[in-house]
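Biologist: I should like to learn how to read the features of a structure. Please take me through them in turn.

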Amino acid sequence: MLLYIALPAFGLFIFLFGLRLMSAALLKLAGSHLQTWLTRLTKTPMRGTLVGTFVTVLIQSSSATTVIVVAAVDASLLTLRQAMALIAGANVGTTITAQIIAFEPYQLILPILLLGLLLLLLPQSRQIGFVLIGLGFLFFGLQLMSKNLALLLHLPIVHSLFLACSRSPYLGVCVGLVITAVVQSSSAVTAVVIALAAGQVIDLSAAIGIALGSNIGTCATAIFASLGTNRPARQAALAHLLFNVIGVIVVLPFYAAFLTFVADTAPDIMHQVANGHTLFNVISAGIFLLLITPITRTLERMS
């Protein structure tokens with residue numbers, strides 16, 4: 001039993017290590033002026049959403065983007081309205097990770113790691129080297145998970161849970177929420193879900209349900225970051241939570257139709273899961289932008 005858990009867990013650890021290393025190096029490359037750039041480029045909600053998407057694609061972490069946004073609001077550099085647009089974009093940007101993973105770029109692991117190590121020897125390119133090494137570890141961890149996650153089916157409780165998630169998207173959402181709140185990375189959970197789907201451990205219904213839940217679970221990072229901050233910063237963290245909760249509430253009543261549409265977007269389940277994840281966040285962002293004025297007013301009235 002220990003072997004069934006240890007191998008996938010080790011792969012997850014390598015994946016998270018690579019993700020954190022890459023994200024930290026990209027943040028250093030962006031420099032200390034990132035918050036100032038966000039302030040200048042978010043004059044309208046649509047521009048804010050595009051900037052939030054771009055920044056999250058750049059640093060590969062919606063949690064990091066959201067924490068930066070909360071800090072900027074706490075420092076009075078951003079308004080709540082600007083923060084909400086950035087958060088909407090961050091949720092769209094984080095889906096790019098899933099799209100990359102769906103292409104199974106495992107053959108690039110060794111060249112990426114070697115190039116990263118070579119760049120570490122050059123002082124001016126050191127952070128780029130860390131980015132590439134982080135990316136290499138990310139792909140290596142994903143490969144380990146992909147090869148060993150099927151072992152989890154040998155555990156009766158895990159097998160029963162996956163079957164239950166296939167029958168009930170609500171349970172899938174709850175599972176994704178809890179796991180992501182613990183792991184603190186929706187990208188990692190989505191990667192695991194794609195690997196499980198590729199290994200035919202779970203079906204599309206369970207995969208999408210868990211992915212939806214991961215969007216809510218990742219809000220825990222921003223909520224923790226907002227503790228001890230001023231009122232607008234706490235409201236920004238709450239806006240992040242509302243964004244994902246509202247999106248899930250809107251999609252769940254039409255879950256069967258949503259699955260049917262997602263299944264038609266690609267011939268293989270890995271791309272279907274990635275596309276479903278992206279589609280959900282784009283729909284959520286659209287709804288959030290349409291309601292940004294009343295949501296802002298509601299949050300501002302809250303204590």
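The dialogue below treats an enclosed space, a surface patch and some loop residues.

Modeller: This is a predicted model, in which local features need pLDDT of at least 70 and side-chain atom pairs count only at pLDDT 80 or more, while totals for chains, interfaces and linings use all residues. Residues are numbered from 1 along each chain as its sequence is written, and side-chain values use heavy atoms, with hydrogens and water left out.

Biologist: How many cavities of 30 Å³ or more does the structure hold?

Modeller: A cavity is a set of points, on a 1 Å grid over the protein atoms alone, where a 1.4 Å probe fits but cannot get out; lining residues have an atom within 4 Å of a point. The structure holds one cavity of 30 Å³ or more, and the largest cavity contains about 40 Å³ of space; a volume here is the space filled by probe spheres set on the points, which are joined across faces, edges and corners.

Biologist: Which residues line the largest cavity?

Modeller: The lining consists of Leu242, Phe243, Ile246, Gly247, Ser284, Ile287, Phe288, Leu291 and Ile295. Helices are DSSP runs (H or I, at least four residues), numbered from the N terminus. Helix H14 (231–251) and helix H16 (269–290) each supply at least two lining residues, and H14 gives the most, with four. By class, seven are nonpolar, two polar and none charged; Ala, Val, Leu, Ile, Met, Phe, Trp, Tyr, Cys and Pro count as nonpolar, Asp, Glu, Lys and Arg as charged, and the others, Gly among them, as polar.

Biologist: Where is Leu121 placed, and is Leu121 buried or exposed?

Modeller: Buried means under 20% relative accessible area, exposed over 50%, and partly exposed in between (1.4 Å probe, protein chains only). Leu121 is in the loop between helix H7 (109–120) and helix H8 (126–148), and counts as exposed because its relative accessible area is 66%. Leu121 also helps to make a nonpolar surface patch of about 400 Å², together with Leu115, Leu118 and Leu122.

Biologist: What defines such a patch?

Modeller: Its residues have over 30% relative accessible area and no salt bridge, with nonpolar side chains (Val, Leu, Ile, Met, Phe, Trp, Tyr) joined within 5 Å and like charges within 9 Å. A salt bridge is a side-chain nitrogen of Lys or Arg within 4 Å of a carboxyl oxygen of Asp or Glu. Accessible areas come from the Shrake-Rupley method with a 1.4 Å probe; for residues, only the protein chains shown count as cover.

Biologist: Where does Lys43 lie?

Modeller: Lys43 is in the loop between helix H2 (34–40) and helix H3 (45–59). Its relative accessibility is 58%, so Lys43 counts as exposed.

Terms used:
1 Å grid on protein atoms, 1.4 Å probe; cavity = no way out; pocket = protein on both sides within 12 Å on 5 of 7 lines; lining within 4 Å.
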